[in-house]
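Work through the exercises below with the sequence and the model at hand. Each task is followed by a solution in steps.

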Amino acid sequence: MGVSGAVREPAAGPRNRTPYGARGVTLSVQIRARLGAFDLDVGFDAPAGVTVLFGRSGSGKTSLVKAVAGLVRPDAGRIAVGGRVLFDAGAGIDVPVPQRRLGYVFQEGRLFPHLSVRDNLLYARRVTGRRGGDLDRVVDLLGIAPLLARRPGALSGGEAQRVAIGRALLSDPDMLLMDEPLAALDAARKAEILPYLERLRSETGLPILYVSHNMAEVARLATHVVVLEDGRVFRAGAAEDLLSDPSMVRVLGVRDAGAVLPARVAAQAGDGVTELAVSGGRLCLPEIEAAVGTALRVRILAQDVILATERPRAISALNILPVTVLALRRGHGPGVIVQLQAGGDRLLARVTRRSADALGLAPGKPCFAVLKSVAVAQSDIGQRLAPEG
Amino acid sequence: MERFGPEEWQAVALSLKVAFWATVLSLPVGLATALALARGRFWGRQLLNGVVHLPLILPPVVTGYLLLLTFGLQGPVGGFLDRVFGVTLAFRWTGAALAAAIMAFPLMVRAMRLAIEAVDPKLEEAASTLGASRLTVFRTVTLPLIAPGVLAGAVLAFAKAMGEFGATITFVSNIPGETRTIPSAIYAFLQVPGGESAAFRLVLLSVAVAMAALFMSEWLARRIAARIAAR
């Protein structure tokens, strides 16, 4: 049914941190840096929540995160987190790395091999004397209680990465920087960690700058997306707007292009089907273990959407939404990307040029979007996480 | 076999004293040098590396003679130390300790440098993002990781200092009770008729000390490898 992912929304509820800065801007970056033969020239403002830096390898994602952390020094510009200026070339401000209070989670964990998991977690507290966060709460959040006495050498990749996240959290950071924390893990380990990241996002309210080139992670975690290309910002904006933007297809690739829609669990039908309400109608998915009312996100890939000008009857697909064509984008090759309005949300569909012409697709034309039935990938759905109501 | 006589005991005790002070006093200098060679990016690094390793290549008698020229009472440094601090090195056990330290220095620095180079700088970077200053990073991450290497270097240096002969005898001669360490005593015993059995006992002791030191430093080196690998 074309719904290849359902993702838990950030819980609406009291956050234990107040919004940052003016206009809710958490992270403000405006820098230029020459790194060898590579030029980084980026500027963006990100609100609270999870900001995903998205781009191909070599697009400058890691350099940008390192610059925010102070591990790379820009030649010019300004970096502020939560209204606190960390770098300002003009004003001569360059806060040293240890004083930036940013929790950095590296791709390879980087746990201290000579310390137990517990001492790794408490490292920041030991060296700074700050009482950052509650050890028990973090241990519980990440499910690492059974690991505390172990040495990092005795951990699996997924376990080590959870400990690394805990260690960064317990340094009482103003923001978490995560540089492809799942990239070194296989699919099963990724699936093991993603629910913890979602919990982190919903339960701590800590702003996160998250580097990824994996669309599934972006769809699942991002509230805001900054797309980098060759050291420049290609696009930046709210995840839902950006992912349903036809111009993103070139960056994401045809296979990964797709919209992310907020949804709510409307009913558990009991026949192994969960009904989700989206703004444009109802979707049926194989059973999701979540209580009625739970906020989720569903991801619908452009290549999984079929368009019809009349409501199809006698068809096996369960999910058909009435939509209106907003825009068509012709690329090279035979494909056309069609942007659709479905209720208050937007969808992308990929059809052939021939079909687009045959159906007379044009902006304003009402259609029906048939979401193909596909297996729901476990790693894309919050099933492993117990519902919290 | 007969027991050790008083002269032999004296040589053993003196060797232990000389080796102990040679090791302890060169430890901080050795660590600083190893750090500079492993991490430093400065002009003259290769030169420093050469100077540190010189005693390993030069004939020990040359090193001893250079020490005599420099640290003897007529030498520029020796004369200064004697006049200003009242410290005399030539023909004293303190001079034996200096000669032993210089001869053992390359071994010590080498072991420490290997340990430092095995530390992943990314771990230190991670520590700094967690709020640790440079000094704290060194104290809480670098030093614990290289500790076995530092110890291995010290053990090797101690064993080398116990056995140093050429530079010692050239610089501080072979004075019973003052500069006659185990190797000098073996040499002296071999010069007199009937001294072979005493010399042989000291030879056995030297072999035992050297073997113990090698085993210990090997064991420590394996420990450091295990520590670094345990990521």
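**Exercise 1. Find the bridge partner of A:Leu340 in E20(A), then place that strand in its sheet.**

Step 1. A:Leu340 has A:Leu347 of E20(A) as its bridge partner. Strands are DSSP runs of type E with at least two residues, helices are runs of H or I with at least four, and both are numbered from the N terminus.

Step 2. Strand E19 (residues 335-342) of chain A pairs with E20(A) in the antiparallel sense, over eight bridges. Pairing requires at least two DSSP bridges between two strands.

Step 3. The open sheet has five strands in the order E17-E21-E18-E19-E20 (chain A), paired antiparallel. Its edge strands, each pairing on one side only, are E17 and strand E20 (345-352) of chain A.

The model is predicted: local features need pLDDT of at least 70, side-chain atom pairs count only at pLDDT 80 or more, and totals for chains, interfaces and linings use all residues. Residues are numbered from 1 along each chain as its sequence is written, while chains are lettered from A and ligands numbered from 1 in the order in which they are written.

**Exercise 2. Locate A:Ala317 and decide whether it is buried, exposed or partly exposed.**

Step 1. A:Ala317 lies in the loop between strand E17 (305-308) and strand E18 (319-330) of chain A.

Step 2. Count other C-beta atoms, placed from the backbone, within 10 Å: 20 or more means buried, 12 or fewer exposed, and anything in between partly exposed. A:Ala317 has 14, so it is partly exposed.

Step 3. A:Leu371 is 54 residues from A:Ala317 in sequence, yet their C-alpha atoms are 6.9 Å apart.

**Exercise 3. Describe the side of chain A that touches chain B.**

Step 1. In total, 20 residues of chain A are in contact with 19 residues of chain B; contact means C-beta atoms, placed from the backbone, within 7 Å.

Step 2. Strand E8 (102-105) and helix H3 (123-128) of chain A are the elements giving two or more residues to this side. H3(A) gives the most, with four residues.

**Exercise 4. Which residues of helix H6 (residues 121-129) of chain B are buried, and what covers them?**

Step 1. The buried residues are B:Leu123, B:Ala126, B:Ala127, B:Ser128 and B:Thr129.

Step 2. Their cover includes helix H1 (61-69) and E8 of chain A, together with helix H7 (134-163) of chain B.

Step 3. Just after H6(B), B:Gly131 takes a positive phi of about 105°.

Terms used: Contact = placed C-beta atoms within 7 Å.
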